[in-house]
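Biologist: I should like to learn how to read salt bridges in a model. Please show me the structure before we begin.

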Amino acid sequence: MSEPLSRPTILVLDDEKNIRRSIELALEQEGFQVVTAPDVSSALRTLHERIVEAMIIDIQLGEIDGVTFFRKTQADGFAIPAIFISGHATLTQAAQAVKSGAFDFMEKPFSAEKLLVTVRRCLEMSAIKERLRLAATAAEPTEIVGESRAIRQVIADTLKVARTQANVLIVGASGTG
């Protein structure tokens, strides 16, 4: 297998310095670029300054929880896969993380090996989704044609979910296109 041209950048958001550092070291040893953030504002600044391929987010943060941060990034138009980590999360919080679209949830402490396997799987899945998205875009017309009230509503609804990773099925009567 050939070496990738660029090293993927992983954002690590955790309020515990030692956890950030240990994750950073493990990922850097495997060739990833790592950016760490101790808080939400630093993480958001990073997302606006550089391209990030994946995020590792602690569920229990000081100011807001990691799930809320992840949902905010999605609402802001970032479609970055996330792996949630926590040493104190409840089952409900872990379920919320996965429900919000997270790739995976890992309970602390975890081994560097398990982290690396999870990050690689996350990046592979993200790359597959992107290839499928590009193939679908290339295979279909890029513009919806029509002026009726119904088609304008379909376009408006589609634009609402266009920046998310949600799947959308548009159906209509036979012959409507």
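Modeller: The following dialogue treats salt bridges and the surroundings of their residues. This is a predicted model, in which local features need pLDDT of at least 70, side-chain atom pairs count only at pLDDT 80 or more, and totals for chains, interfaces and linings use all residues. Residues are numbered from 1 along each chain as its sequence is written, and side-chain values use heavy atoms, with hydrogens and water left out.

Biologist: What is a salt bridge, and how many does the count come to?

Modeller: Side chains of opposite charge can pair when their charged atoms come close. The term requires a side-chain nitrogen of Lys or Arg within 4 Å of a carboxyl oxygen of Asp or Glu. By this rule the count is six.

Biologist: Which residue forms a salt bridge with Lys108?

Modeller: The partner is Glu16, with the closest N and O atoms 3.6 Å apart. Lys108 lies in the loop between β5 and α5 and Glu16 in the loop between β1 (9-13) and α1 (17-29), so the pair ties together parts 92 residues apart in sequence. Helices (H or I, at least four residues) and strands (E, at least two) are DSSP runs, numbered from the N terminus.

Biologist: Is Lys108 buried or exposed?

Modeller: Lys108 is buried, at 15% relative accessible area, whereas Glu16 is partly exposed at 38%. Buried means under 20% relative accessible area, exposed over 50%, and partly exposed in between (1.4 Å probe, protein chains only).

Biologist: What joins Lys108 and Pro109?

Modeller: A cis peptide bond joins them, with omega about -10 degrees.
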